[in-house]
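User: Could you take a close look at one buried spot in this model for me? I'd like to know what surrounds it and how it compares with the rest of the picture.

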Amino acid sequence: MSRTKWILFSLPLIGFAVMVYFFGSAIGSDPSILPSTRIDKPFPAFELPTLENPEQTVNQTAVKGPLLLNVWATWCPTCIVEHPLLVELSRRGIPMVGLNYKDEPDAARKYLEINGNPFKWNIADVKGDLGLDLGVYGAPETYLIDAEGKIRHRFVGAITPDVWRKELWPQWQAMGGVQPEDAAAQPGGSS
Amino acid sequence: MIRCFLLLFMLVGGTAFATIDAYEFRTMEDEERFRQLVAELRCPKCQNQNIADSNAGLAKDIKDRTYLLINEGRSNREITAYMVERYGDFITYRPPMRPVTWFLWFGPFLLALLAAAIIFTIKLRQKSPPVTQVTPEQEAKVQELLKKLEQSDKQP
């Protein structure tokens, strides 16, 4: 009799503990960050002009890494924030391709001229079709592409030295990305 | 005159239709499917708005793509799968049934069952007559009293 009573009384307490666990695990995780569905899948097929030469088109076969693909636009303030870091990483030997997303090509070219161009070349996705196929939901987004052209990692938001060191650099090494000559290639270490 | 009015009505009707959405469909059924789909797709950029209500640029892109796919003759299920392939389960307001979402689907029923079981047991317990414990001394006293009663009955 008292045993069942104990069980009954402890039920709400157990329920409460379960709720604390569930809600507690949600604390600290940003609900606006969505996991990419494209991880370990080949880069989606596309056929788009480059920003550098609108006459020339490229397709998915050109996106073979290891490389870093950055989704950017001139209308995106966060992209401007992370731009100097991209320039620095590029200078230190990380190969980068840009995906100029829903942008004015003229404005984009001018932006790179003024702020420095970290990209070997850029895909001009004016209508955002490739962005949709890639699952882009907000610039900037950064993808790591391996030698086979598979997407290995996605980061949403501005890359900071901390993000590069803790999240992207280990992934970059894991997929056999070009190792920059000096170990100090991780920005923010000494500078 | 009547012709004039008719023309006017046609013009007004046409513009009204065009301002609701800039999409033209081959059939009414397609249009209905479009409305249903954009109401059930969630905007990945704006967290808690469907594609139909959102003014985000991305929502427009997804609307456009949905329109294209409908005109290609794809089914609702195919279009939803197409969007999930790109944006994950987040994009649909109807989560798919998977081991991860079992609790989501069956949780409420489980809770309802549990609640019913608890209520049932409580009710059962209330209905059963109260059991009173009688000690041997009390029992003896009752017997004694009964005996006395019998004796008093016998003596007129």
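Analyst: Happy to! One yardstick before we start: the expected span of a helix is 1.5 Å times one less than its number of residues. Please keep in mind that this is a predicted model.

With that yardstick, helix H6 of chain B, residues 136-154, has 19 residues and reaches 27 Å from its first C-alpha to its last, close to the 27 Å expected. H6(B) is hardly covered, with a count of zero buried residues.

Now to the spot itself, B:Ile51. This residue sits in the loop of chain B that runs between helix H2 (28-40) and helix H3 (57-71). B:Ile51 counts as buried because it has 24 C-beta neighbours inside 10 Å, where 20 or more are needed. Beyond its neighbours within four places in sequence, B:Ile51 is in contact with B:Val38, B:Leu41, B:Cys43, B:Ala59, B:Ile62 and B:Lys63. B:Arg98, by contrast, is 47 residues away in sequence and 24 Å away in space, C-alpha to C-alpha.

Two of those contacts, B:Leu41 and B:Ile62, turn up again in the largest nonpolar core, which has 53 residues. They are among the members that touch the most others there, along with A:Leu69, A:Tyr101 and A:Ile145. On the chain A side, the contacts of A:Tyr101 beyond four places in sequence include A:Val71, A:Trp72, A:Val136 and A:Ala139.

As for the two chains together, 12 residues of chain A are in contact with 13 residues of chain B. The chain A side of that meeting has five nonpolar, five polar and two charged residues.

How values were computed: Residues numbered from 1 in each chain as written. Chains lettered and ligands numbered in written order. Predicted model: local features only at pLDDT ≥ 70, side-chain atom pairs only at ≥ 80, totals over all residues. Core = buried A, V, L, I, M, F, W, Y, C linked by C-beta atoms within 7 Å. Buried ≥ 20, exposed ≤ 12 C-beta atoms within 10 Å, placed from the backbone. Contact = placed C-beta atoms within 7 Å. Helix = DSSP H or I, 4+ residues; strand = E, 2+ residues; numbered from the N terminus. Nonpolar A, V, L, I, M, F, W, Y, C, P; charged D, E, K, R; others polar.
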